[in-house]
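Subject: Structure for your review

Dear colleague,

Please find below the structure that I am handing over to you. I should be grateful if you would read the notes beneath it with the model open beside them.

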Amino acid sequence: MNINSLVRSTLSCFGVTLAALVFFPAIASAQVVLTEDNLTDEHVTKAIGAIVEELYRRKDPKRFWDPVKPPTGESTRQGGGYTALTVLALLYAGESYQNPRLRDAVDYLEEFTMQGTYAVSIRAAVWARLPEKYRHKLGADVQWLLDGFNERSGGWGYVQNERIKTYDNSLRQFGALALWEAAKRGGKINPKIWMHIENGLFSTQNPDGGWNYTPRSLITSGSMTTAGLATLFITQDYLHAEESLEITDHVGEHQEAIARGLKWLDENFSPTLNPGILHSYYYYMYGIERVGLASGIKYFGEIDWFRAGATELINRLCHWDPKTRSMTVHNVVGGKGRLRVKVRYLDFGLMFLSRGRVPVAMNKLRDPTMAWNNRPRDVANLAARISLNSETPVNWQIVDIHVEPEQWLDAPLIYLASDNALSWHDEDSRSVRSYVRKMRSYEKKRATGEIEADTPPPVVLDAPVVSRMKRYLDLGGLLFAVNETKSKSFTNSIEKLGQIMYPHYDWRKLPRDHWAYTIHERVTRRRPILKGLSNGVRELIILSPGGDMARTFQGRDATKDSQFQTASNIYFYASEMDRPRPRLDVLNRPDPSTQQTQTTATLVRAMFEGNWNPEPLAVELFASKFAVKRGVGVNVVRHALAGIDKLSPAPDLVMVCGVERHEFSPAQTTAITEYIQAGGVILFETPGGRGEFTLSAEEMMTEAFNLPIQSALRTRIITGESLEDAPDLTRLDYRPYSLLEAFGMRETTPRLRCMMVNGEPRILFSREDISQALLDQGVWGVSGYQPESAFQLLGNIVQYARSLD
């Protein structure tokens with residue numbers, strides 16, 4: 001029985017319900033209750049905005065956010081701390097200290113003489129978020145804390161008193177967070193201070209793995225367990241980072257303490273109450289956010305802590321109006337009852353929402369069957385470096401190898417580092433080479449029509465994890481694999497993995513001018529060697545075969561800055577130049593089985609000997625969405641290009657995709673010509689928008705039909721005229737790479753071109769990408785339409801092709 005169940009059981013013995021004690025009364029009937037399933041980033045951002053405005057509304061012109069008198073049971077010596085907490089929350093929400101509504105409060109904090117540890121610690125965190133001219137203020141508050149530190153207890157008292165004889169894990173957390181903020185900005189903190197803080201946490205950790213408040217409070221609580229864990233993650237960075245530079249089987253005391261604390265949270269986490277005690281809920285949620293971000297953990301138990309916590313906090317603090325799509329802050333918690341929404345509830349809630357919604361730069365892949373976490377702080381330190389060098393603060397997180405790959409897509413890339421071979425497949429090099437030969441022969445026969453397109457492959461590998469990784473990559477993901485130590489076992493297994501998943505693509509060493517060395521930070525010295533596996537549109541896997549970049553990240557080794565620069569460039573590439581998704585902006589793939597389609601269209605993916613299918617899931621994802629959005633089912637069929645004229649019944653649309661220039665065979669040209677003359681519609685597209693495939697198709701079609709190629713701007717495909725549910729597409733959105741690199745200017749006019757046959761645009765040409773955009777996964781270097789524009793454009797083409805029947 002976990003601690004939450006124990007609390008409920010104990011209360012029931014006395015005939016008391018939890019609802020009678022928890023600070024969350026029943027929600028008013030008029031309140032629209034958000035759920036974890038329907039919560040979006042829009043709700044979070046608008047709740048942040050509403051809370052910010054409410055805090056400004058509650059600001060007193062003289063006291064700012066300090067109460068007239070301290071709340072019952074709280075110290076009388078923390079004056080100024082309440083205002084400092086609100087200022088800190090507003091800064092985390094993105095408010096500028098120069099905002100006139102906030103500047104006077106900052107000036108107030110500068111002049112106020114504080115006496116309490118809480119107040120000084122929080123004010124120090126405020127100075128840490130302000131420009132360099134406030135560094136002396138930060139230094140003064142840190143010195144105050146150092147002067148008041150008690151080595152025996154490994155912490156602080158409520159005031160600057162070194163003679164305390166007991167511990168307080170809450171004060172210890174706030175003091176440690178202040179010292180950490182100073183250390184991140186170059187402040188010198190004696191390692192002995194971190195050691196005393198850590199030893200204090202070791203000695204006060206309960207047998208169940210959690211922590212309590214003080215010796216007088218015997219029960220483990222969620223708020224104090226998060227306080228202990230958040231502080232141990234800080235001491236781990238400053239005391240133990242170098243211990244993980246060399247890979248050993250040794251598990252340090254700090255690692256054991258963290259593991260036990262996280263295990264307690266896994267077993268007891270609740271998004272609706274502070275486990276173990278029935279108060280301090282908002283403080284507890286602030287702690288959950290601290291631990292979640294520090295550890296990279298996405299789930300406590302099986303609960304997504306941010307999604308669940310944000311849902312609960314917004315329902316308690318705000319009212320969502322779906323008609324106006326606006327948030328307002330409740331006067332009382334949940335919109336009903338007597339418990340007023342207090343300023344500190346808003347402060348802690350605002351910090352949870354603001355810090356928690358920060359985009360995830362990369363997911364670290366957890367695989368319990370291998371050494372996936374030799375350097376536990378490698379990705380944390382890399383994400384911190386990216387945040388410093390970008391306009392967007394980013395987080396990181398850990399995802400499990402056994403969850404659905406769609407869940408990995410909340411970050412632009414997956415990071416996997418190890419010193420041993422993958423356990424996902426057991427194929428030796430000879431078997432892999434044989435597999436590649438057989439699959440290439442098989443694909444060639446399918447493409448040329450020697451065998452039917454649905455002929456089963458000659459070899460089927462039973463490797464579920466390999467299939468899961470391939471689906472992730474096909475959905476638009478990127479794997480960044482880092483070989484640790486001098487062993488080549490991991491490198492070799494990654495290379496074999498790539499060959500198994502993509503037998504028709506070859507590994508290559510990345511050239512000096514590759515974007516991995518140039519896109520954001522130009523790497524000119526000590527350039528790390530990288531290998532890449534590409535589908536011709538984008539990189540699927542980037543492999544660091546040597547140099548042990550994970551060791552550099554773990555130790556924050558400034559002498560190997562080129563490795564940080566290169567890894568940062570990989571992030572910037574995968575995030576379409578620092579455009580990551582907000583944390584809750586998850587790709588919700590529509591389920592076409594829930595939609596009854598009235599009509600069906602047949603779309604043929606034409607196969608030929610070449611890279612005809614670089615994005616294998618693009619059209620399938622389009623078909624699923626199209627069935628839901630426009631009520632038209634799309635039957636996707638693969639067939640050799642040289643035989644499309646023989647299909648019966650004739651398909652509505654044939655889509656021919658390729659990257660590089662293609663020499664169409666006489667048989668292919670004849671099949672295309674006869675299909676068009678029989679009334680078909682064909683679309684030639686260059687996925688990625690940078691190759692010359694469509695250009696070669698234009699040349700072939702011009703020779704075959706001797707007709708001009710013109711803009712499709714005035715056709716029904718673009719205007720949507722007389723096409724059911726088809727929008728007007730005379731203005732479309734293009735990808736950033738198109739506007740900044742390919743076009744060099746702002747543009748909204750569709751670039752689709754066509755050849756008119758018998759008065760209708762039956763031959764369509766798109767030199768700009770459509771396919772990769774249909775994945776709705778950002779990446780730099782793609783020239784073409786934004787995802788929604790690509791979907792609508794292909795949708796209109798399908799609707800138009802159907803209308804010609």
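The notes that follow describe several helices, one strand residue and some loop positions.

Please bear in mind throughout that this is a predicted model.

Helix 18 and its surroundings

Helix 18 comprises the 13 residues 489–501. At 1.5 Å a residue it should span 18 Å, and its end C-alpha atoms are indeed 18 Å apart, so the expected and modelled lengths agree. Most of this helix is covered, as 10 of its 13 residues are buried. Among them are Phe490, Ile494, Leu497, Ile500 and Met501, and the charged residues Glu495 and Lys496 are buried as well. The cover over these buried residues includes three strands from further back in the list of elements and beyond, namely strand 8 (479–483), strand 10 (531–534) and strand 11 (539–544). Strand 7 (414–418), helix 16 (429–448) and helix 17 (464–474) also contribute to that cover.

The packing of helix 16 on helix 18 can be described further. Their axes are 9 Å apart and meet at an angle of about 25°. Because angles under 35 degrees count as roughly parallel, helix 16 and helix 18 are classed as roughly parallel to each other. Their crossing is left-handed. Helix 16 contributes Ser429, Val432, Tyr435 and Val436 to the contact, while helix 18 contributes Lys496, Gln499 and Ile500. By class, these residues are four nonpolar, two polar and one charged.

Helix 6 and helix 8

A second helix pair is formed by helix 6 (residues 117–128) and helix 8 (residues 169–184), whose axes come within 8 Å and cross at roughly 25°. These two helices are therefore roughly parallel to each other, and the crossing is left-handed. On the side of helix 6 the contact is made by Thr117, Tyr118, Ser121, Ile122, Ala124, Ala125 and Ala128. On the side of helix 8 it is made by Ser170, Leu171, Phe174, Gly175, Ala178 and Glu181. Eight of the residues in this contact are nonpolar, four are polar and one is charged.

Helix 23

Helix 23 covers residues 693–705, and for its 13 residues the expected span of 18 Å agrees with the 18 Å between its end C-alpha atoms. Its buried residues are Phe693, Thr694, Ser696, Ala697, Glu698, Met700, Met701 and Phe705. They pack against helix 22 (666–677) and against strand 14 (653–657), strand 15 (681–685), strand 17 (753–757) and strand 18 (760–766). Directly after helix 23 comes Asn706, with a positive phi near 55°.

A buried residue in strand 5

Asn363 lies in strand 5 (residues 360–366). With a relative accessibility of 0%, Asn363 counts as buried. Beyond its neighbours within four places in sequence, Asn363 is in contact with Gln397, Val399, Trp408, Asp410, Ala411, Leu413, Ile414 and Tyr415.

Backbone features in the loops

Pro649 is in the loop between strand 13 (632–640) and strand 14, and the peptide bond from Ser648 to Pro649 is cis, with omega near -5°. Arg556, in the loop between helix 19 (549–555) and helix 20 (561–574), has a positive phi near 50° and is partly exposed at 38% relative accessible area. Asp578 is in the loop between helix 20 and strand 12 (599–607). Its phi is also positive, at about 65°, but Asp578 counts as buried, at 13% relative accessibility.

Yours sincerely

Terms used. Residues are numbered from 1 along each chain as its sequence is written. This is a predicted model: local features need pLDDT of at least 70, side-chain atom pairs count only at pLDDT 80 or more; totals for chains, interfaces and linings use all residues. Side-chain values use heavy atoms; hydrogens and water are left out. Helices (H or I, at least four residues) and strands (E, at least two) are DSSP runs, numbered from the N terminus. The expected span of a helix is 1.5 Å times one less than its number of residues. Buried means under 20% relative accessible area, exposed over 50%, partly exposed in between (1.4 Å probe, protein chains only). Contact means heavy atoms within 4.5 Å. Axes are lines fitted to C-alpha atoms, for helices over the stretch in contact, and angles run from 0 to 180 degrees between N-to-C directions. Angles under 35 degrees count as roughly parallel, over 145 as roughly antiparallel, 65 to 115 as roughly perpendicular and the rest as oblique. A crossing is left-handed if the near helix is turned anticlockwise from the far one by less than a right angle, and right-handed if clockwise.
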